[in-house]
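User: I'd like to learn how to read a model like this one, feature by feature. Can we go through it together?

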Amino acid sequence: MAQLDIGVNYGMIGDNLPSPATVVQLYKNYKIGKIRLFDPNPNVLNALRGSGIGVTLGIKNNDLPSIASSAAAAKTWFDTNVQPYVSDINLQYITVGNEVVPGNLAQYALPAMQNLHTTISNYNYTGLRVSTVVATTALGSSYPPSSGVFADAARADIVGIIDFLSSTSSPLLVNAYPYFPYASDPTHVRLDYAQFTAPGPVVRDGNLSYSNLLDAILDAFYWAMEKEGVASVAVVVAESGWPSAGNGNFTTPQLAQTYNKNFVKKILAKKGTPKRPYHYLEGFIFAMFNENQKPPGVEQNFGLFYPDGTPVYPVF
């Protein structure tokens, strides 16, 4: 059976996680077709050689100033961290920074993207694209989706970024978690709306209707980009998930399973959002493992698998 067109984030903030080779085998066993890495770990990249798994490769935030400083510095980073593997792995995206806009590293994102794009173009690696990953904090308004607009703190940096993405036919990667708005305001955010289980539309916005919160978050980004004159950039869900423990009744294995199974179903159905119904939507679940060195509480409980490789709850 072919690999599924779904991704899972491989975070490594734990002291009891299996070896990269074991992890890559786990992806293969469950037919998980894509992996997102937060930095170019050589052991993981070596384990991915010949696997065919689509790779989204992150850059450590503290490497951004150097990569942004010059095309030569970006080439040095690429030649050290990517070039040795590029012929043997299915590398699809390099993402410059995780949630750096808005923030104190935001000004480095665009020049770093431009410099890496230059390196990749000079190597003629067509099909490898450069982007960045933003959180919903980049939006100043998101409800209803048509009110979507970038936050004042993000605008100065995001406008140049989305223009670059448009000119290079690259998507914007977004971390979108319906869990958080639900857990912070369960009175006004319905559980079925957060979990893709609503029987029909919950939010009507002009002539569009929404039966799940993820679609609404993504469309708010499409609206925000349109207001900056950019209509051709797709959105990829870089992270989404639901913790199975850590916050009482909001976080049970049952709720996490329902969310993630329905998320997979949505991505595999190849349907876009109400505003962009025909856009191909890519998505990655957060995360492969429960990571015991993250902050206590929900952060340690987003994993689909325990470190021994058994499922926390079945999804695939």
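User: Let's start with empty space: how many cavities of 30 Å³ or more does the count come to?

Analyst: The general idea is that rolling a probe the size of a water molecule over the atoms shows where empty space is left. On a 1 Å grid over the protein atoms alone, a cavity is a set of points where a 1.4 Å probe fits but cannot get out, while a pocket is an open set with protein on both sides within 12 Å along at least five of seven lines; lining residues have an atom within 4 Å of a point. Points are joined across faces, edges and corners, and a volume is the space filled by probe spheres set on them. Here the count comes to one cavity of 30 Å³ or more. Before going on, some ground rules: this is a predicted model, where local features need pLDDT of at least 70 and side-chain atom pairs count only at pLDDT 80 or more, though totals for chains, interfaces and linings use all residues. Residues are numbered from 1 along each chain as its sequence is written, and side-chain values use heavy atoms, with hydrogens and water left out.

User: Which residues line the largest cavity?

Analyst: The lining is made by Y30, L304, F305, P311, Y313, P314, V315 and F316, around about 50 Å³ of space. For classes, Ala, Val, Leu, Ile, Met, Phe, Trp, Tyr, Cys and Pro count as nonpolar, Asp, Glu, Lys and Arg as charged, and the others, Gly among them, as polar. By that scheme the cavity lining has eight nonpolar, no polar and no charged residues.

User: Now the open spaces. What lines the largest pocket?

Analyst: That pocket holds about 390 Å³ of space and has 21 lining residues, with S142, P181, V189, L213 and I217 nearest its centre. Helices (H or I, at least four residues) and strands (E, at least two) are DSSP runs, numbered from the N terminus. Both α7 (179-184) and α9 supply at least two residues of this lining, and the largest share, three residues, comes from α9. The class split is 15 nonpolar, four polar and two charged.

User: And how do the lining residues of the second largest pocket divide by class?

Analyst: They divide into 10 nonpolar, four polar and six charged. The second largest pocket has a volume of about 330 Å³, and of its 20 lining residues, I13, F38, N98, F286 and K294 lie nearest the centre.

User: Which residues touch the most other members in the largest nonpolar core?

Analyst: A nonpolar core is a set of buried Ala, Val, Leu, Ile, Met, Phe, Trp, Tyr and Cys residues joined through side-chain atoms within 4.5 Å. Buried means under 20% relative accessible area, exposed over 50%, and partly exposed in between (1.4 Å probe, protein chains only). In the 101-residue largest core, the ones touching the most members are I94, L116 and F221. The biggest contribution to this core, 10 residues, is from α9. Apart from it there is another core of six residues, including V133, L173, A238 and F284.

User: How does α10 compare with its expected span, and what does it pack against?

Analyst: The expected span is 1.5 Å times one less than the number of residues. With 16 residues, α10 (residues 253-268) should span 22 Å, and its end C-alpha atoms are 22 Å apart, which agrees. Its buried residues, among them L255, Y259, F263 and I267, pack against β1 (4-10), α8 (191-194), α9 (213-227), β11 (235-240) and β12 (283-285). Contact there means heavy atoms within 4.5 Å. Just after α10, K270 takes a positive phi of about 60°.

User: Where else does the backbone take a positive phi, and where are the cis peptide bonds?

Analyst: Most residues other than glycine have a negative phi, and most peptide bonds are trans. N124 has a phi near 60°; this residue sits in the loop between α5 and β5 (129-135) and is exposed, at 57% relative accessible area. S169 has a positive phi of about 50°, lies in the loop between α6 (152-167) and β8 (172-175), and is exposed at 56%. One cis bond joins V101 and P102, with omega about -10°; P102 is in the loop between β4 (90-98) and α5 (106-123). Another cis bond joins F286 and A287, with omega about 10°, and A287 lies in the segment after β12.

User: Is loop residue I53 buried or exposed?

Analyst: I53 counts as buried, at 1% relative accessibility, and its place is the loop between α2 (42-48) and β3 (54-58). Leaving out residues up to four places away in sequence, I53 touches Q3, V24, Y27, K28, I32, G33, K34, I35, L48 and N90.
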